[in-house]
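Open the model in your viewer and keep the sequence panel beside it. We will go stop by stop, selecting as we go.

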Amino acid sequence: MKRHVWMVLALGLGLAAPGCILTSGQVQINFDLPNFSGNSLTGIDHTTIDLNSEKEYQDNKEKLKDLSDLAVLGKFTNNLTTPVNVEVWMTTTPSNHLDETSLMQDPTKVKLWGPFQVAGSTTKTIDWNASAQLFTTAGKAALLTEAKGDGNFTLYAVGPAGQAYNFSVSNGALVLVIDVGI
Amino acid sequence: MKRLLMLALFALLLAGRAAQAGPVGVSVGVFGGLSIPVLQDVTTSSFSPGDAFGATGSTFGLRVPVHAISSITFEPYYAKSKYKDREETIGGITYTREGFDGKSYGVNFILGRPEGGLFHMYPYLGIGKTKLERTGQEINKTGYNFGLGVGLFSSQKISVGARGEFSMVATGDTSRKFVGATAGITYRLTP
């Protein structure tokens, strides 16, 4: 009987210990993105994200261990008749590039997500499951570094280099599920 | 994985030595029930205690209790689980995120014997390998579990019981956790 009491006590201590793998969870944080567009002729939009503006991130930043799930969500409209492959890039330091050429010369650029194909003259809402598959390994690592760092970076949506494109994105959101110790 | 192999070898060694001393009781059983994610993908800004538990999933599998020494039963197991999809409205659009499909195998260490009559209780803990998969995400790590079983019916060959269990898959510094309740039926192959 005595032995059982020690087993229960040990399990109880494990449950209560702060920072223990038992006392952890996965917290979802949604960042609404402004409507933005990409056009090979007139230029690209960008949005600078400060993770610190979200209370959930602020509350959990110190306890953040990993990113467990990611998604770029929204409604993509292709304004040309030819299909377009949309990619999302980030610069790890905030920037304000106005065209793709300038973005590609930025040493802190990382391809985050894509390509997501939208047929000509159509609007397509991306599926969460499909979006989760489109994150690049380098992009995930860069996002994790940002989430553990200053949490300040800039996102761009672009089409394929050297091709004509004209698309817009509405109702956009960046969804992060973070692993946190409690 | 090495740790799991060592434990399995240790269990086999103990069972082998004990078998020399007396008959080994081997049974085979199937089980099924519920498994519920705990503290997974929660939104903390609007968190209420009920949000700690995700949508209920199902689990089923196979267990082979081997009773070779007087106080412990070794129970290799294989289980499959399926968790429900989750719907959420973000930016005015409703999205569906696929639930995990899980597969796990390992060994439970049961204090006493799982076969027993009405209200025969037995605690257990286990270690194994768990794989959780959904589109764009895969977790394949060591899993741990502990719980309490209770007998509901027992005859010479057949026994029926229920179990409540807490399980988790260690993912580095954090974990994916589940609580579950299962019912099972076991057929005794040898005494």
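**Stop 1: a pair of bridged residues**

Select A:Gly38 and A:Ile44. A:Ile44 lies in β3(A) and is the bridge partner of A:Gly38. Keep in mind that this is a predicted model.

Now widen the selection to the two strands. β2(A) and strand β3, residues 43-44 of chain A, pair in the antiparallel sense over two bridges. How many residues sit between β2(A) and β3(A) in their hairpin? Three residues lie between them.

β2(A) has another neighbour. Select residues 36-39 and residues 166-181 of chain A. These are strands β2 and β10, and they pair in the antiparallel sense over four bridges. For one such bridge, pick A:Asn39. Its partner in β10(A) is A:Asn166.

**Stop 2: an unusual backbone angle in β10(A)**

Stay on this strand and select A:Asn171. This residue is in strand β10 of chain A. Its phi is positive, about 50°, although A:Asn171 is not a glycine.

Is A:Asn171 buried, partly exposed or exposed? Count the C-beta atoms around it. There are 16 others within 10 Å, so A:Asn171 is partly exposed. A buried residue would need 20 or more.

**Stop 3: a cis peptide bond**

Move to A:Gly114 and A:Pro115. The peptide bond from A:Gly114 to A:Pro115 is cis, with omega near 10°. Where is A:Pro115? Its place is in strand β7, residues 109-118 of chain A.

**Stop 4: the nonpolar core**

Select A:Leu73, A:Val88 and A:Ile178. The largest nonpolar core has 47 residues, and these three touch the most other members. Several elements give two or more residues to this core, including β1 (24-32), β5 (64-78), β6 (84-91) and α5 (137-148) of chain A. Which element gives the largest share of this core? β10(A) does, with eight residues. In soluble globular proteins, nonpolar side chains tend to be buried together.

Now show what surrounds A:Leu73. Leave out residues up to four places away in sequence. A:Leu73 then touches A:Ile126, A:Trp128, A:Ser131, A:Gly172, A:Ala173 and A:Val175 in chain A, and B:Ile90, B:Gly91 and B:Tyr95 in chain B.

Another core lies apart from the largest one. It has six residues, among them B:Tyr83, B:Leu132, B:Tyr144 and B:Val169.

**Stop 5: chain A as a whole**

Zoom out and colour chain A by secondary structure. Chain A has five helices and ten strands. Of its 182 residues, 37% count as buried. Next, consider contacts in chain A between residues at least 6 apart in sequence. Of these, 82% join residues at least 24 apart.

**Stop 6: chain B as a whole**

Switch to chain B. It has one helix and eleven strands. The helix comes at the start of the pattern, which reads α-β-β-β-β-β-β-β-β-β-β-β along the sequence. Buried residues make up 31% of the 191 residues in chain B. Among contacts in chain B between residues at least 6 apart in sequence, 59% join residues at least 24 apart.

Now select B:Phe119. This residue is in the loop between β7 (101-111) and β8 (121-134) of chain B. Its phi is near 65°, a positive value in a residue other than glycine. Is B:Phe119 buried or exposed? Only 12 or fewer neighbouring C-beta atoms count as exposed. B:Phe119 has 8 others within 10 Å, so it is exposed.

**Stop 7: where the chains meet**

Show both chains together. 26 residues of chain B are in contact with 32 residues of chain A. On the chain B side, β6 (93-97), β9 (137-154), β10 (158-171) and β11 (174-188) each give two or more residues. β6(B) gives the most, with four residues. What kinds of residues make up this side of chain B? Eight are nonpolar, 14 are polar and four are charged.

**Stop 8: confidence**

Finish by colouring chain B by pLDDT. The mean pLDDT of chain B is 87, and 86% of its residues reach 70 or more. Select helix α1, residues 2-21 of chain B. It has the lowest mean pLDDT among the elements of chain B, 51. Then select strand β2, residues 57-63 of chain B, which has the highest, 97. For the complex, the predictor gives an ipTM of 0.81 and a pTM of 0.82.

Terms used. Residues numbered from 1 in each chain as written. Chains lettered and ligands numbered in written order. Predicted model: local features only at pLDDT ≥ 70, side-chain atom pairs only at ≥ 80, totals over all residues. Contact = placed C-beta atoms within 7 Å. Nonpolar A, V, L, I, M, F, W, Y, C, P; charged D, E, K, R; others polar. Pairing = 2+ DSSP bridges. Core = buried A, V, L, I, M, F, W, Y, C linked by C-beta atoms within 7 Å. pLDDT = per-residue confidence, 0-100.
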